[in-house]
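Here are a few exercises to help you find your way around a new structure. Try each one yourself before reading the solution.

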Amino acid sequence: MNKKIYFLLIFITLLATLVVYNYSDWKFISPVKGSSRFSYSQTAFGAPRVGHKHKGVDIFAKSGTPVISASKGIVIYTGVLSLGGNVVVVLGPAFKTHYYAHLKTTDTRLGMILNNGDPIGTVGNTGNAKNTPSHLHYSIGTMLPKWYKDNNNGLSFYTDPVPLLNKYFENLKNF
Ligand SMILES: [Zn+2]
């Protein structure tokens, strides 16, 4: 076989694997302990904010409530950001990034391997949430954006967590 065609085929196979993996399902749990279907708004994702659109979901809970990892993954950031306050970012399956913000405390360190349900920190109102009731701002970033669906304000670089939460709580009921 022609060498060029051979390498092209390998490249296409790798690319296809990446795309399929990126959009495949992964095990998901609600990242706030004791949360329910009523802890968050159904229209949280894409809701208008001053100058941008909301790229995640706010899960409201008492300050100090445990925040746990919604997926498996590796901690790629633990630190303080001006908007997010105390923030933890986890790289999970399907190349999704899980962003946990406004934390009161954090339990993670860079490079930590997490399983579903492992401690991330506690719910707080750090960063730009200091005048807001305590909540977890949770976003799922995606490396291969669904630009063909919605490229409004960069929303396509994020996955809507609300349907995932709804499905999770729906499944809990059926046990
Ligand atoms: Zn938020």
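**Exercise 1.** Among contacts in the protein chain between residues at least 6 apart in sequence, what percentage join residues at least 24 apart?

*Solution.* Keep in mind that this is a predicted model. Start with the contacts between residues at least 6 apart in sequence, then pick out those that join residues at least 24 apart: they make up 62%. For the overall picture, the chain has two helices and 11 strands. Walk from the N terminus and you pass α-β-β-β-β-β-β-β-β-β-β-β-α. The C-alpha trace spans about 65 × 40 × 35 Å along its principal axes.

**Exercise 2.** Find the residues that touch the most other members of the largest nonpolar core, and say which element gives the most to this core.

*Solution.* Begin with burial: 30% of the 175 residues count as buried. In soluble globular proteins, nonpolar side chains tend to be buried together. Here the largest nonpolar core has 21 residues, and Ile59, Val67, Val88, Tyr100 and Leu136 touch the most other members. Next, look at who contributes: strands S3 (57–60), S6 (85–91), S7, S9 (119–123) and S10 (135–142) each give two or more residues. S6 gives the most, with four. Now zoom in on Leu136. Skipping neighbours within four places in sequence, its contacts include Ile59, Val67 and Tyr100, along with Pro31 and Val123.

**Exercise 3.** Work out whether His98 is buried or exposed, and list what it touches.

*Solution.* First, place it: His98 sits in strand S7, residues 96–106. Then count: 26 other C-beta atoms lie within 10 Å, and the cut-off for buried is 20 or more, so His98 is buried. Leaving out residues up to four places away in sequence, His98 touches Ala70, Ser71, Gly73, Val89, Val90, Gly92 and Ile140. For a longer reach, try Lys173: this residue is 75 places from His98 along the chain, and their C-alpha atoms are separated by 25 Å.

**Exercise 4.** Explain why S9 is largely enclosed by the rest of the structure, then find strands that pair with S9.

*Solution.* Go through the five residues of S9: four are buried, so S9 is largely enclosed by the rest of the structure. Now check the pairing. Strand S4 (residues 66–68) runs antiparallel to S9, joined by three bridges. In S4's pairing with S9, Ile68 has Pro119 as its bridge partner. S7 also pairs with S9 in the antiparallel sense, over three bridges. Look for Thr105 there: it stands opposite Thr122 in S9.

How values were computed: Residues numbered from 1 in each chain as written. Predicted model: local features only at pLDDT ≥ 70, side-chain atom pairs only at ≥ 80, totals over all residues. Buried ≥ 20, exposed ≤ 12 C-beta atoms within 10 Å, placed from the backbone. Contact = placed C-beta atoms within 7 Å. Core = buried A, V, L, I, M, F, W, Y, C linked by C-beta atoms within 7 Å. Pairing = 2+ DSSP bridges.
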